[in-house]
Amino acid sequence: MNNVEEIVLSLQQEIVEYKKENAYLRAEIAQLKRLIFGKKSERFISEEKPFPPGTLFSEVVPEENKLENLTEQISYERTKPVHRKGGRKELPSHLLRQIEVIEPEDKKDTDRRIGLLVTEELEYTPGVFHVNRIERPKYVDDQTKKIKIAPMPSKPVPKSQFGPQFMAHTIVSKYMDHMPLYRMIQQFKRDHNVAISKSSLGESMHQYLDLLIPVYNKLKAAVLEQEYIQTDETTYKVLSEDKEGSAHLGYIWASYAPVNKLVLFTYQKSRSSESMNNHLNGFVGKNQVDGYGPYEKLQQIPGMQMFSCWAHARRKFDKALESYKPEAEKTLSLIQELYNVEKHCRDQNLNYEQRRKIRQDQSKVILQKIKSYLDNLSIQNILPASSLGEAIGYTLKRWRQLSNYIDHGEVEIDNNLIENKIRPIALGRKNYLFAGSHESAQRAAMVYSLFATCILHNINPYEWLIDVFNRINDHPINRIEELLPQNWAK
């Protein structure tokens, strides 16, 4: 080979390298444009019904539940309270009071009344505040000098100034309607002339939420006992003493059991393997995840079956469309065929076994086409760091986990169901920005778990929460599963 031929060959090789680099840079620029100007969209999203758009305030109050004579003048005598610095605020006198008088069981007609113990709690029915006033007259037997007074009825939080209906409304407003406490307090003052201390409301909310811990623990056990779950995670900022002047970036980890429609959220301080293991807490079975690295370690656990998500693989090829349109379009069309099979199964309302057979007959052939096409692309001159090279590498590396779903009728083709469950957390994040502590973040995870399970079982979280608050203190701990949303509906 003479010098001219060597120069020509060298130039040709340089041209090939420049073309590869050019394609890579074009893909990077296209991706940056999408991030800055583009509108994110997903063609293949779950067809499961989203959370109902209506809130507590949009519901119509039945006629029998409406309070009448809201302007009725009620007169009674009371001892003027002694105002102590730093004490709780007296409940507004202009609010309607529903008075309940509880007499001692052993009261005699001859007993002389010597006083009155009064307990008041702020209560709320949608759109209307009122005060539950419990009066317990005190009597003395002049012969025996024995003082008699009826015991207080059971209350969820005995010393709280706020009743269960009001607290249920507040909790639902915060965690389902994503309204921060300070905005609720402003609204109560503006619309109802009811001034509430933020510290008192926050303390009572923690006390009421702590009542739900046994129910949450039972739900957690129920989720982790399932044979098949989907797992994902999302960021959650927390104010922490560990990082003065800045927020700690924690994570809400989520698992969803599609078969029985159960949801579990836990708060972890990081996205590490240790946090993943803390969340899964020894779960062994079928677990469907995205491409995050620590999930790959789960494959080493005996009895663990891992499944990947076709929606994540599809997104990789969608990013490659602008730079590698023919190759990306071909792959996306084949993936679309997989989703067409799933749509057919849903439209026909097939059971899990019927869906498995359809997948074996149709999806298996499509998967073979995709694998053959990607294998062929992988041996061509495509930079591994390019958008198409990354998509091919991502898919082929997880091929076994991506194709395993056709052998199990209950396993979904993607992880979109668990991503849908995480979306309300993102909405809350925008409104109240961060949790006040790691403990508050875990309480949020608990409430999200219970409310998401309520929605999946067509239960109004507000009604469920009121009932649980009224029953929880007197409910046998060995029958706590009766209060779980999926069992409460029955």
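I call a residue buried under 20% relative accessible area, exposed over 50% and partly exposed in between, using a 1.4 Å probe and protein chains only.

**Ground rules**

This is a predicted model, so I read local features at pLDDT of at least 70 and side-chain atom pairs at pLDDT 80 or more, while totals for chains, interfaces and linings use all residues. I number residues from 1 along each chain as its sequence is written, and side-chain values use heavy atoms, with hydrogens and water left out.

**Overall look**

I checked confidence before anything else. pLDDT is the predictor's confidence in each residue, from 0 to 100. The protein chain averages 86, and 86% of the residues score at least 70. I marked residues 41-72, where pLDDT stays under 50. The model has 43 contacts beyond four places in sequence for that stretch. A contact means heavy atoms within 4.5 Å.

I then looked up the secondary structure. The protein chain has 15 helices and nine strands. Both are DSSP runs numbered from the N terminus: helices are H or I with at least four residues, strands E with at least two. Of the 490 residues, 46% are buried. I also looked at contacts between residues at least 6 apart in sequence: 70% of them join residues at least 24 apart.

**Helix α2 and its partners**

I followed α2 (residues 164-175) to α3 (residues 181-192). They pack at about 125 degrees, with axes 10 Å apart. I note that α2 is therefore oblique to α3. Angles under 35 degrees count as roughly parallel, over 145 as roughly antiparallel, 65 to 115 as roughly perpendicular and the rest as oblique. The axes are lines fitted to C-alpha atoms, for helices over the stretch in contact, and angles run from 0 to 180 degrees between N-to-C directions. On the α2 side I listed F166, H169, T170, S173 and K174; α3 brings L181, M184 and F188. The crossing of α2 and α3 is right-handed. That term means the near helix is turned clockwise from the far one by less than a right angle; anticlockwise is left-handed.

Next I took α2 against α14 (residues 461-471). The angle is about 140 degrees and the axes lie 9 Å apart. This makes α2 oblique to α14 as well. Their crossing is right-handed. Among the α2 residues meeting α14 are P164, Q165 and H169; Y462 and F469 are among those on the α14 side.

**Positive phi**

Most residues other than glycine have a negative phi. I went looking for exceptions. H178, in the loop between α2 and α3, has phi near 60 degrees. H178 is buried, because its relative accessible area is 9%. N349 has phi near 55 degrees and sits in the loop between α8 (325-347) and α9 (352-378). N349 is exposed at 68%. I added N458, which follows α13 and has a positive phi near 55 degrees.

**Helix α13**

Helix α13 covers residues 438-456, 19 in number. I read 27 Å from its first C-alpha to its last, close to the 27 Å expected at 1.5 Å a residue. The expected span is 1.5 Å times one less than the number of residues. Since 17 of its 19 residues are buried, α13 is largely enclosed by the rest of the structure.

**D318**

My last lookup was D318, in helix α7 (residues 310-319). D318 counts as buried at 17% relative accessibility. Leaving out residues up to four places away in sequence, D318 touches R34 and L332.
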